[in-house]
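Subject: Structure for you to look at

Hi,

Here is the structure I said I would pass on. Have a look at it first, and then read my notes underneath.

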Amino acid sequence: MLGCGLVVGVAGQLVGKYAVTPETFTAELALHISAVGVAASLVGGLCLVSTNRIVRGILYPLASVGMMPLTIYTGHVLVLSFRYWLDPGQPVKNQLAWPVLTLASLAFATLWRPLFDQGLLERVVRALDGGRKKQDVRPTGIEPMTSTV
């Protein structure tokens, strides 16, 4: 993924700069293909880096937030709406809100994950889904065929 992404990214840039006329559909297509290649190489590189134990420890808070997105995002909406309810005339772009919500989310998820493994709303969704565990669900969602003969 890393290697192929780099090749596609560099090839897209070269085609966009030297082989096609600027500001044409082909140049835009080459630019987009290059962006996809760079994104793929970035994901591949991050996957390689994250195999390191030290890096996984550093990224543990981020992984914790990633395991409970519904809870975290709902918390953001509730905090922002409560803030607006308290003061409707507040400025729309408050530069302090984003870092505070981010740090609070990282701290909350890091402390919550060892105790409960997943967020509160994720537990509710799992309970409404029938409480199936990850091992019970087939990756393709297709049940195995059984013979009636």
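Below is what I found, going from the whole chain down to single residues.

One thing before anything else: this is a predicted model, so please read every value here as computed from that model.

**The chain overall**

The fold is helices and loops, with 7 helices and 0 strands. Going along the sequence, the pattern reads α-α-α-α-α-α-α. The chain has 149 residues, and 17% of them count as buried. If you take the contacts with a separation of 6 or more, 70% of them come from residues 24 or more positions apart.

**α5 against α6**

Two packed helices are described by the angle between their axes and the distance between the axes. For α5 and α6 the angle is about 140° and the axes are 11 Å apart. Antiparallel would need an angle over 145 degrees, so α5 and α6 come out as oblique to each other. The crossing of α5 past α6 is right-handed. On the α5 side, the contact is made by T71, I72, H76, V79, L80 and R83, and on the α6 side by A97, L101, S105, F108 and A109. By class, that contact splits into 7 nonpolar, 3 polar and 1 charged residues.

Two of the α6 residues in that list, A97 and S105, deserve a closer look.

- A97 lies in helix α6, which covers residues 97-116. Its relative accessibility is 16%, so A97 counts as buried, the cut-off being under 20%. A97 and H76 are 21 residues apart along the chain, and their C-alpha atoms are separated by 9.9 Å.
- S105 is also found in helix α6. Is S105 buried or exposed? It counts as buried, because its relative accessibility is 8%. Setting aside neighbours within four places in sequence, S105 is in contact with V65, I72 and H76. I72 and H76 belong to the α5 side of the α5 and α6 contact.

**α5 against α7**

Helix α5 (residues 69-86) also meets helix α7 (residues 120-128): their axes come within 6 Å and cross at roughly 125°. That angle makes α5 oblique to α7. Here too α5 passes its partner, α7, in a right-handed crossing. The residues making the contact are P69, L70, T71 and T74 of α5, together with L120, L121, E122 and V125 of α7. Sorted by class, there are 5 nonpolar, 2 polar and 1 charged residues in the contact of α5 with α7. T71 is listed in this contact and also in the one with α6.

**The loop between α6 and α7**

D117 is found in the loop between α6 and α7. What is the phi of D117? It is near 70°, a positive value in a residue other than glycine. As background, most residues other than glycine have a negative phi. D117 has a relative accessible area of 46%, so it counts as partly exposed.

**The N-terminal end**

M1 is found in the segment before α1. With a relative accessible area of 58%, M1 is exposed. M1 still has contacts further along the sequence: not counting residues up to four places away, M1 touches A40, S41, V43 and G44. M1 and L42 are 41 residues apart in sequence, and 8.7 Å apart in space from C-alpha to C-alpha.

G12 is found in helix α1 (residues 2-19). G12 counts as buried because its relative accessibility is 7%. Leaving out neighbours within four places in sequence, G12 is in contact with A30 and S34. The C-alpha atoms of G12 and A35 are separated by 8.1 Å, with their positions 23 residues apart along the chain.

**Cysteines**

A disulfide is a covalent bond between the sulfur atoms of two cysteines. How many disulfides does the model have? The count comes to 0, using a cut-off of 2.5 Å between the sulfur atoms. As for individual cysteines, C4 counts as exposed because its relative accessibility is 56%, whereas C47 is partly exposed, with a relative accessible area of 44%.

That's everything on my side.

Cheers

How values were computed. Residues numbered from 1 in each chain as written. Predicted model: local features only at pLDDT ≥ 70, side-chain atom pairs only at ≥ 80, totals over all residues. Heavy atoms only, no water. Helix = DSSP H or I, 4+ residues; strand = E, 2+ residues; numbered from the N terminus. Buried < 20%, exposed > 50% of the residue type's maximum accessible area, 1.4 Å probe, protein only. Axes fitted to C-alpha atoms, helices over the stretch in contact; angles between N-to-C directions. Parallel < 35°, antiparallel > 145°, perpendicular 65-115°, else oblique. Left-handed = near helix turned anticlockwise from the far one by under 90°. Contact = heavy atoms within 4.5 Å. Nonpolar A, V, L, I, M, F, W, Y, C, P; charged D, E, K, R; others polar.
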